[in-house]
Amino acid sequence: MDVQQDRGQSPVTAPEMLTGTGASTGTAVGPVAVMSPPPALPERRPQAVDAAAETARAAAALERVADLLQERAAAADSEASAILGAQALMARDPQLAANIAKEIEGGEPAEWALDTAVTGYQELLRSAGGYLAERAADLDDIRNRTMAVLLDAPMPGLPDPGHPFVLVADDLAPADTAQLDPATVLAIVTRRGGPTSHTAILARSLGIPAVIACVGAERLADGTPVAVDGDTGEVVVRPDAERVEAAAQRAELRRKVLETSVGPGRTEDGHSVKLLLNVGAEDPDAAGAHDCEGVGLLRTEFLFLDRETEPTPEEQYESYARLFRAFGDRAVTVRTLDAGSDKPLAFADQGEEPNPALGVRGFRITRAMPRLLERQLAAIARAVDATGARVRVMAPMIATPAEAAEFAGLAREAGLAEVGVMIEVPAAALLADRILEQVDFVSIGTNDLSQYTLAADRMLDTLPGLLDPWQPALLRLVQETGSAGERLSKAVGVCGEAAADPLLALVLVGLGVNSLSMSAPALPAVRYALARHSLQACRDLAALAVASAGPEEARAAVRAAASPEVAAL
Amino acid sequence: MPQRTATIGSSVGLHARPATLFVQAATATGLAVTIAKEDGAPVDARSLLSVMALGAGNGAKVTLTAEGDGAEAALDDLVRLLEIDHDAAAA
């Protein structure tokens, strides 16, 4: 089913409420702008009569797309500009044009010739793997845009109505979301998607309210005013003045409250809960400028992905040192390379695996390529020596105490003092005490822990309820880990998306977690929530959540029992 | 026909930004420039898709050819462009 075809059959005109899953906190009111889906080839293939005219039509369409990309490149910042410029160059590719002309000579109409020629290049790029395989997605974009021109269909991609809007889409692809500007996108509503889907994670990291898996979203038309509630999952169509006013007041209150929420994380009774930042490829100095107590998760994959060869020790050292300097005396937690599965590396390809999420990924890559981790640890240690920074290292995808011990041995041998592991496999949570005997700290990755505990693939958008971070079974495993940390007086952190939900953050603290790592926009609301609850209050909320029948009940029970100021945010 | 060999200097290989710069420069010569990997068939150096699909990594040897006025000088410029590491230069 696609948005385009459904719209118009029964358009939403009267006040009405649509319901989905709240995926990113906050409220917003604004006019809808629909993201058009990529145009498909028409069902009937017309007889191509005039090859010369068809070739000229295809060439003109490609030229128009190239111009459009070039225009957008001129308006974009330097990094986006380079990518758009390269896309424009692809649209102007003389060999692509020649291949299209060849197909047309063979009797294909322009649309089909375009499709065949693009698919040919995509297969070539995909078979090369790694970075080139990802460029195949850029060609999708060129095909879709050119197809829209040829078919006179609305241009796919992000809408640009010239004013702030509520983005409505079937689902968002990484390429779409990379260009989202929080200043113009007031909220996101998608018909599909799950709580750990790309859309949800990105919306949270940008602080944009979002409702996903919203039934009826396909009937929303451009310009229709909607009020979006990213907590309850409600989308009110044509809201009355009262509701608009209420939403505006709430947004204003939230803005004021969050502006004044600064400094280290503390419960109401002064118990420290470190508020940390999740960091990836962004600019280290910009990351370091955030009001946080350090880095809880440095994803080092950004150095390794998209490359044919392993980054040199020198290059790694320089990247780490730059980040460490940006954080001064605040501790930085470095996660060693988490590749494999959904993040394949060209130089460490493990081949096809029937269940990649259960395959050779994370620390397990060390089995096949032991030197890779050793070189990374050496580069981190060198950057620590050069900067004097306080650095903690941790390994992803640890399943057993023996693996934890193996990693700890390697890290300490490299000269790194503070060593930990991620808890993202249920086996590791169940034996958290034995794992903590081997290491100094653990950090719970709730996204993967949720996927493995509920046996629900994170990449699927058909299982949103199971992947809900409020699942009592997931919370029980956090509790197991938190209690082990308390018994052994060792630090237990959470660096999954769960830490970014203010109410759930209270529950995590009540379960024994003493640091929370998240994307920057989520920090103020979590800090505010903590400051309004004592440690005992957090423990009471945690007990309520763990005892609940399911995620919805847990969320409702905690919302009702938490400070009303926090629930109203 | 004038011909040159070059060693890819870019640490990421001949794709992304280095490939874009090379294709733009090859197009700007106005000549029919080709590029081939060792033992590979030559492809149109003005085609970004063909150049990327070569999959020429860091250190790979490539052969350039061009025909027409100014081909010798144009090839020299293109060889220089291929042999610098753009990423290191930018950092």
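**Close-up views of a predicted two-chain model**

**View 1. Pairing of β1(A) with β8(A).** Strand β8 (residues 234-237) of chain A is joined to β1(A) by four bridges, and the two strands run antiparallel. Within β8(A), A:Glu234 is the residue that stands opposite A:Thr19. The model shown here and in the other views is predicted.

**View 2. The open sheet of chain A.** Eight strands of chain A make up an open sheet with mixed pairing, in the order β1-β8-β7-β3-β4-β5-β6-β2. Which strands stand at the edges? They are β1 (16-19) and β2 (21-24) of chain A; each has a single partner strand, so one side of each has no neighbour in the sheet. From one strand to the next, the twist averages 30°. In a regular strand, side chains alternate between the two faces of the sheet.

**View 3. Helix α9(A) across the sheet.** Helix α9 of chain A, residues 241-259, lies across three strands of chain A: β3 (27-34), β7 (225-229) and β8. The helix runs at about 115° to β3(A).

**View 4. Strand β11(A) and its parallel partners.** Strand β11 of chain A covers residues 331-335, and four of its five residues are buried. Strand β10 (residues 294-299) of chain A pairs with β11(A) in the parallel sense over four bridges, with A:Gly294 opposite A:Ala331. Strand β12 (residues 391-395) of chain A also runs parallel to β11(A) and is joined to it by four bridges. In that pairing, A:Val334 of β11(A) stands opposite A:Val393 of β12(A).

**View 5. The largest nonpolar core.** This core has 91 residues, and A:Val507, A:Leu508, A:Leu516 and A:Val526 are those with the most contacts inside it. Helix α20 (residues 502-510) of chain A supplies the largest share, seven residues. Which residues does A:Leu508 contact, leaving aside its neighbours within four places in sequence? They are A:Val478, A:Val494, A:Ala498, A:Ala499, A:Val513 and A:Leu516. Another core, of 58 residues, lies apart from this one; among its members are A:Met90, A:Leu132, B:Leu31 and B:Ala56.

**View 6. The contact between chains A and B.** Chain A contributes 19 residues to the contact and chain B contributes 17 residues. On the side of chain A that touches chain B, the elements giving two or more residues are α3 (78-91), α4 (94-105), α5 (110-128) and α6 (130-151) of chain A. Of these, α3(A) gives the most, with five residues. By residue class, the side of chain A that touches chain B has 12 nonpolar, three polar and four charged residues.

**View 7. Helix α6(A) and the residue after it.** How does the span of α6(A), with its 22 residues, agree with 1.5 Å a residue, and what is the distance between its end C-alpha atoms? The expected span is 32 Å and the end C-alpha atoms are 33 Å apart, which agrees. The helix is followed by A:Asp152, which has a positive phi, near 55°.

**View 8. Chain B.** Chain B has four helices and four strands. From the N terminus on, its elements run β-α-β-β-α-β-α-α. Of the 91 residues in chain B, 42% are buried. Among contacts in chain B between residues at least 6 apart in sequence, 67% join residues at least 24 apart.

Methods
Residues are numbered from 1 along each chain as its sequence is written. Chains are lettered from A and ligands numbered from 1 in the order in which they are written. This is a predicted model: local features need pLDDT of at least 70, side-chain atom pairs count only at pLDDT 80 or more; totals for chains, interfaces and linings use all residues. A nonpolar core is a set of buried Ala, Val, Leu, Ile, Met, Phe, Trp, Tyr and Cys residues joined through C-beta atoms within 7 Å. A residue is buried if 20 or more other C-beta atoms lie within 10 Å of its own, exposed if 12 or fewer, and partly exposed in between; C-beta atoms are placed from the backbone. Two residues are in contact if their C-beta atoms, placed from the backbone, lie within 7 Å. Ala, Val, Leu, Ile, Met, Phe, Trp, Tyr, Cys and Pro count as nonpolar, Asp, Glu, Lys and Arg as charged, and the others, Gly among them, as polar. Two strands pair if DSSP finds at least two bridges between them. Axes are lines fitted to C-alpha atoms, for helices over the stretch in contact, and angles run from 0 to 180 degrees between N-to-C directions. The expected span of a helix is 1.5 Å times one less than its number of residues.
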